[in-house]
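Work through the exercises below with the structure open beside you. Try each task before reading its solution.

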Amino acid sequence: MPYLRIDCVGPVEPGTKRRLLVETAQLFADLIESDIARVRTLVHELPADSFAVGGVPCSDSAVQAPYITLDLFEGRPDEQHRSLCEQVPRLVAEILDCPVEGIRLRINEVFPGGWSIGGVQASVKRRAEIDARAA
C-alpha cells in the first residue's frame, strides 16, 4: 500500500527522475519497515506556469519547491512519521539540488478498509500486519 508521490516543476532529467523513483522508494520502505515490492512511487512533473510558491508562478521565479505526499495505513508510530518528515525531504532536496526549506511533505493515513489490494480490502488481506502494529 505505501504510496509516495513527488510533485515538482518539470522537466526533470531522466537520470534524476530515475533516482527519485528508486532512492525515495528504498528510503520509504526502510523507514516504514515494509517490503519494497509494496511501495508505489510517482514523480509528477508540473509545468512551471502551473505551480506557484507564495503566489508567484515558478515560471517567473525558477523555484523548485517539491510537494511530497505519502499514503500509509493508519497506526504507524510517531517515530516513523518523524523519520519520514525529516529524511524524505532531505533526500529529495539532494536529488533535485534544491533547498530543503522549500519542500513540503504530507502524510495521509488511510483506513485499511478503504484500500484495496488485488480486489481485496486491505483490512482483510493485511489483517495480521495491522493487528501486530496495533498491539
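Helices are DSSP runs of H or I with at least four residues, and they are numbered from the N terminus. The model used here is predicted.

**Exercise 1. Place Ser83 in the structure and decide whether it is buried or exposed.**

Step 1. Ser83 belongs to helix α3.

Step 2. The cut-off for buried is a relative accessible area under 20%.

Step 3. Ser83 has a relative accessible area of 12%, so it is buried.

Step 4. With neighbours within four places in sequence left aside, Ser83 contacts Leu31 and Val88.

**Exercise 2. Describe how α1 and α3 are arranged relative to each other.**

Step 1. Helix α1 covers residues 14-32 and helix α3 covers residues 78-96. Their axes come within 10 Å and cross at roughly 165°.

Step 2. Angles over 145 degrees count as roughly antiparallel. The crossing angle therefore makes α1 roughly antiparallel to α3.

Step 3. The crossing of α1 and α3 is right-handed.

Step 4. On the α1 side, the residues that meet α3 include Leu20, Leu27, Phe28 and Leu31. On the α3 side, Ser83, Leu84, Val88 and Leu91 are among them.

Step 5. Sorted by class, this contact has 11 nonpolar, five polar and three charged residues.

**Exercise 3. Work out the strand order of the sheet and find which strands stand at its edges.**

Step 1. The sheet is open and has four strands in the order β2-β1-β5-β6, with mixed pairing.

Step 2. β2 (40-46) and β6 (104-110) are the edge strands. Each has a single partner strand, so one side of each has no neighbour in the sheet.

Step 3. On average, neighbouring strands of this sheet are turned by 15° against each other, direction ignored.

Step 4. At one edge, β1 and β2 pair in the parallel sense over seven bridges. Arg5 stands opposite Leu42 in β2.

Step 5. At the other edge, β5 (residues 67-73) and β6 run parallel and are joined by seven bridges. Here Thr69 stands opposite Arg106 in β6.

**Exercise 4. Which strands do α1 and α3 touch?**

Step 1. α1 packs on the sheet and touches β1 (3-9), β2 and β5. The direction of α1 makes about 140° with that of β2.

Step 2. α3 lies across β1, β5 and β6, and runs at about 135° to β6.

Step 3. β1 appears in both lists. This strand is mostly covered, with five of its seven residues buried.

Conventions. Residues numbered from 1 in each chain as written. Predicted model: local features only at pLDDT ≥ 70, side-chain atom pairs only at ≥ 80, totals over all residues. Heavy atoms only, no water. Axes fitted to C-alpha atoms, helices over the stretch in contact; angles between N-to-C directions. Helix = DSSP H or I, 4+ residues; strand = E, 2+ residues; numbered from the N terminus. Parallel < 35°, antiparallel > 145°, perpendicular 65-115°, else oblique. Left-handed = near helix turned anticlockwise from the far one by under 90°. Contact = heavy atoms within 4.5 Å. Nonpolar A, V, L, I, M, F, W, Y, C, P; charged D, E, K, R; others polar. Buried < 20%, exposed > 50% of the residue type's maximum accessible area, 1.4 Å probe, protein only. Pairing = 2+ DSSP bridges.
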